[in-house]
Amino acid sequence: MSSVVDLVEYRPSDDEPFMNPRQREYFRSKLNAWKDDILRESRETLENLQEESQNHPDMADRASSESDRSLELRTRDRQRKLISKIDAAIKRIEDGTYGFCEETGDPIGIARLDARPIATLSLEAQEMHERREKVYRDE
C-alpha cells in the first residue's frame with residue numbers, strides 16, 4: 001500500500017538515473033490512469049448517445065443534435081487512436097525503450113514525458129520533424 005502512496009506523491013526529476021524502476025512505474029501508472037479516464041468517458045458517451053437517440057420534431061433541433069453527435073464521435077475516434085499510442089508507450093516501458101527518442105536514441109527528458117507521456121521524439125527531434133513537415137507543406 002505504501003508504494004501506491006509513494007507513487008502518488010512521487011515526481012521524477014533529472015537528479016536521479018534516467019528511467020530507473022521508480023520512474024518507469026510512475027509513467028506506467030500515469031499512462032494507465034489516462035487510458036482508464038478515456039475509456040470511462042467513452043462509455044459515458046455511448047450511454048448518452050443511446051439515451052439521446054430520440055427523434056426531434058423540429059428540424060433545427062435535429063440538425064443541432066446530429067452536429068453534436070458527429071463532433072462527439074470524431075472526438076471519440078481521436079481518443080481511440082490515443083489509446084493505441086498509450087498502449088504502445090506502455091509496451092515501450094516493458095521492453096525498456098520508453099523515454100528514449102526513436103530517431104536519435106537520446107533521452108527524451110523527464111519534463112517532456114511528464115507533459116506528454118506518449119512522446120516518442122525528443123524536443124529537438126520533434127522540432128526538426130515539424131520544420132521538415134512545414135517545408136514540404138509550403139512547396
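This report walks through the helices, record annotations, salt bridges and surface charge of one predicted model.

## Ground rules

Since we're looking at a predicted model, local features need pLDDT of at least 70 and side-chain atom pairs count only at pLDDT 80 or more, while totals for chains, interfaces and linings use all residues. Residues are numbered from 1 along each chain as its sequence is written, and side-chain values use heavy atoms, with hydrogens and water left out.

## Overall layout

The chain has 5 helices and 0 strands, so in DSSP terms we're talking about runs of H or I with at least four residues for a helix, and runs of E with at least two for a strand, numbered from the N terminus. Read from the N terminus on, the elements go α-α-α-α-α.

Of the 139 residues in the chain, 26% are buried. Here buried means under 20% relative accessible area, exposed means over 50%, and partly exposed is what falls in between (1.4 Å probe, protein chains only).

## What the UniProt record says

Two annotations from an unreviewed UniProt entry overlap your chain. One, "domain: Zinc finger DksA/TraR C4-type", is listed for residues 96-131; the other, "zinc finger region: dksA C4-type", covers residues 101-125. Keep in mind that feature names are shortened, positions are in the numbering used here, and annotations may be inferred rather than shown by experiment.

How do these spans look in the model? Residues 96-131 are 42% helix and 0% strand, with end C-alpha atoms 29 Å apart. For residues 101-125, the figures are 36% helix and 0% strand, and the end C-alpha atoms lie 8 Å apart.

## Salt bridges

Side chains of opposite charge can pair when their charged atoms come close. The cut-off here is a side-chain nitrogen of Lys or Arg within 4 Å of a carboxyl oxygen of Asp or Glu, and the whole structure holds 11 such salt bridges. One of them joins Asp114 to Lys30, with the closest N and O atoms 2.7 Å apart. Asp114 sits in helix α4 (residues 110-115) and Lys30 in helix α2 (residues 21-51), so this pair ties together parts that are 84 residues apart in sequence. Asp114 is partly exposed because its relative accessibility is 22%, and Lys30 is partly exposed too, at 27%.

Glu41 and Arg76 also meet in a salt bridge, at 3.7 Å from N to O. That links helix α2, home of Glu41, with helix α3 (residues 59-95), where Arg76 sits 35 residues away. Arg76 counts as buried because its relative accessibility is 16%, whereas Glu41 is partly exposed at 28%. Then there's Glu103 with Arg132, whose closest N and O atoms are 3.6 Å apart: Glu103 is in the loop between α3 and α4, Arg132 is in helix α5, and 29 residues separate them. Glu103 is partly exposed at 43%, as is Arg132 at 37%. Finally, Glu25, Arg28 and Glu94 are linked in a network of salt bridges.

## A negative patch

Which residues gather in a patch of negative charge on the surface? They are Asp106, Glu124, Glu127, Glu130 and Glu133. Patch members have over 30% relative accessible area and no salt bridge, and like charges are joined within 9 Å; each charge is placed at CG of Asp or CD of Glu. Within this group, Glu127 is found in helix α5 (residues 123-138), and Glu127 counts as partly exposed because its relative accessibility is 38%.

Technical notes. Patch = residues over 30% accessible without salt bridge, like charges linked within 9 Å, V, L, I, M, F, W, Y side chains within 5 Å. Areas by Shrake-Rupley, 256 points an atom, 1.4 Å probe, with all protein chains shown as cover. Lys, Arg positive; Asp, Glu negative; His and termini not counted.
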